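Student: Could you take one loop in this chain and look at it closely? After that, please go on to other places that help me read the rest of the model.

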Amino acid sequence: MESVTETRTQNYSQLVNQYVKVRSFSERLCETLTAEDCAVQSMPDASPTRWHLAHTTWFFEQFLLSECAGYQEFNRDYMLLFNSYYNSVGQPYPRSQRGLLSRPSRDEVLAYRAYVDEALVSLLPQVEQLSERFWEILEVGLHHEQQHQELLLTDIKHAFSLNPIAPVYRHDSWPTSLDEDPLEWIKVAGGVYAVGHDGKGFGYDNEFPRHNVLVPSLHLAPRLVTCEEYLQFMEEGGYQRSELWLSLGWQTVSEQQWAAPLYWQQKGGEWYQFTLAGLTPIDPRLPVCHVSFFEADAFARWAGQRLPSETEWEIAAQGVSVDGNLADRLIDLGQAIHPHRSGGRSTGNHQFFGDVWEWTGSPYVAYPGYRPVDGALGEYNGKFMCNQYVLKGGSCATSSSHLRTSYRNFFPPTARWQFTGIRLASDE
């Protein structure tokens with residue numbers, strides 16, 4: 001997605017189209033969902049579809065429209081209901097209780113979206129009169145909505161997975177697997193490299209400042225770990241061998257009784273997985289997904305390798321175009337939102353972007369010299385720099401215009417409901 005702050009003096013219609021494109025994609029993702037689907041919250045970490053639609057709208061209303069003279073709130077109660085974690089602008093409604101809200105209805109939320117869209121679009125002709133800060137927040141808001149589009153997909157997948165009739169989100173074509181390429185590893189020469197956002201285009205505050213890092217030489221696998229390779233780990237007792245696991249990981253495996261990736265189930269001796277296209281047999285050549293950091297780390301140790309650090313991943317991916325199996329492209333092609341192939345050299349980009357978010361061995365911490373942005377938006381990234389790990393590259397549920405090499409996603413090491421997978425690294 002082209003930077004709003006770079007294009008605000010261009011044609012007004014381009015600005016409107018950019019805003020409308022992102023906003024309309026959220027509603028496109030809901031075309032196959034019923035009103036009942038949109039109200040479900042399957043666990044505290046997930047949110048109802050209806051809440052995602054309203055919260056992204058609240059963001060624009062709270063941080064842009066409420067500052068405009070003469071703007072009349074759609075419903076004052078929404079300022080409470082759809083705040084996520086911005087304590088500096090009010091007390092958020094408890095995250096774990098979002099599924100208890102039967103009102104407002106889906107139709108009322110869609111009316112809320114239309115109301116805010118009309119109000120905001122009416123401001124955009126005033127390109128020269130609006131402040132730099134306005135355009136910066138507008139840009140953050142569009143990328144924030146794209147993050148929630150991905151959460152919308154992963155949250156509804158989790159909700160559907162708990163339904164014994166295995167509902168289908170979309171009847172799209174299933175990926176055709178390919179023979180995986182041999183592991184001809186990507187060599188990264190040791191040296192000093194600049195990592196972090198280069199200042200061109202949009203970036204979140206946690207991607208700054210750009211800084212130099214010293215790395216020894218290493219190799220990265222040219223593709224993602226496949227289901228076949230992960231099945232071998234399982235068959236060789238990967239979930240029963242405590243020596244492969246970090247202490248907290250082994251405790252989690254024991255308490256949660258993990259024996260396979262999330263959504264995998266065995267029937268008649270065969271493995272199946274629940275997907276957004278329904279229950280399907282495991283394709284051994286497709287990338288494994290829905291594994292936690294603990295599982296990724298244990299697999300890497302079993303394989304005699306390790307996970308790459310976020311800086312190693314970023315160095316290896318520098319210069320690679322954002323091209324791969326990503327949500328908007330898959331939907332346009334009528335293909336299932338699922339990792340599509342193991343790829344490797346045949347894909348040209350070594351699967352650095354799309355398919356699955358790749359766990360790194362790096363804890364999510366601030367870069368040297370990091371400063372959160374001023375005001376409430378300073379709560380966006382910085383306050384989560386504790387007990388989380390960095391993921392890179394995006395997934396099949398991510399929009400293509402949302403990604404860049406410096407992007408830093410982050411989740412707790414136990415998280416499995418996102419499309420998360422594994423790439424190996426080696427010091428040899």
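**A loop and its surroundings**

Tutor: P104 sits in the loop that runs between α4 (78–81) and α5 (106–123). The model is a predicted one, and every value below is computed from it. The peptide bond that joins R103 to P104 is cis, with omega at about 5°. To see what is worth noting there, recall a general point: most peptide bonds are trans, and most residues other than glycine have a negative phi. The bond between R103 and P104 is therefore an exception to the first half of that statement.

Another cis bond is found further along, between F208 and P209, where omega is about -10°. P209 lies in a loop too, the one between β2 (191–195) and β3 (211–215).

The other half of the general point concerns phi. A166, in the loop between α6 (132–161) and β1 (186–188), has a positive phi near 50° although A166 is not glycine. Y263 has a positive phi as well, near 80°, and is placed in the loop between α8 (247–256) and β5 (264–267). How far are these two residues covered? A relative accessible area under 20% counts as buried and over 50% as exposed, with partly exposed in between. A166 has 24%, so A166 is partly exposed. Y263 has 7%, so Y263 is buried. A positive phi turns up in G237 too, near 80°, just after helix α7, but G237 is a glycine, and the general statement is about residues other than glycine.

The loop that holds A166 also holds P167. With a relative accessible area of 17%, P167 falls under the 20% cut-off and is therefore buried. Leaving out residues up to four places away in sequence, P167 is in contact with F160, F274 and G278. G278 is 111 residues from P167 along the chain, yet the C-alpha atoms of the two are separated by 6.2 Å.

R23 gives a similar kind of case inside a helix. R23 belongs to α2 (residues 12–28) and is buried at 2% relative accessible area. Beyond the residues up to four places away in sequence, R23 touches T56, T57, F60, R113, D117 and E145. One of these, T56, is 33 residues away along the chain, with its C-alpha 9.0 Å from that of R23. R113 and D117, which R23 touches, carry numbers that fall in α5 (106–123), the helix at one end of the loop of P104.

E310 is another charged residue to look at. E310 is in helix α10 (residues 310–317) and is buried at 4%. Residues up to four places away in sequence aside, the contacts of E310 are with T360, S362, P363, Y367, V390, K392 and R408.

For a whole helix, take α7 (residues 227–235), where C227, E229, Y230, L231, F233 and M234 are buried. The elements that cover these buried residues include β5, β6 (270–275) and α9 (293–302).

Now consider the cysteines. A disulfide is a covalent bond between the sulfur atoms of two cysteines. A pair counts as a disulfide when the sulfur atoms are within 2.5 Å, and by this rule the chain has 0 disulfides. For C396, the nearest cysteine sulfur is that of C289, 6.7 Å away, and C396 is in no disulfide. C396 is buried, with a relative accessible area of 0%.

Finally, the whole chain. It holds 11 helices and 12 strands. Its radius of gyration is 22 Å, close to the 22 Å that the globule rule gives for 428 residues, so the chain is as compact as a globular protein of that length. The C-alpha trace spans about 65 × 55 × 40 Å along its principal axes. Of the 428 residues, 57% are buried. Among contacts with a separation of 6 or more, 79% are between residues 24 or more positions apart; the contact of R23 with T56 joins residues 33 positions apart. The accessible surface is about 17800 Å², and carbon and sulfur atoms account for 49% of that area. There are 33 positive and 52 negative side chains, and the centres of the two sets are 1 Å apart.

Conventions. Residues numbered from 1 in each chain as written. Predicted model: local features only at pLDDT ≥ 70, side-chain atom pairs only at ≥ 80, totals over all residues. Heavy atoms only, no water. Helix = DSSP H or I, 4+ residues; strand = E, 2+ residues; numbered from the N terminus. Rg over C-alpha atoms; globule rule 2.2 N^0.38 Å. Buried < 20%, exposed > 50% of the residue type's maximum accessible area, 1.4 Å probe, protein only. Contact = heavy atoms within 4.5 Å. Areas by Shrake-Rupley, 256 points an atom, 1.4 Å probe, with all protein chains shown as cover. Lys, Arg positive; Asp, Glu negative; His and termini not counted. Charge placed at Lys NZ, Arg CZ, Asp CG, Glu CD.
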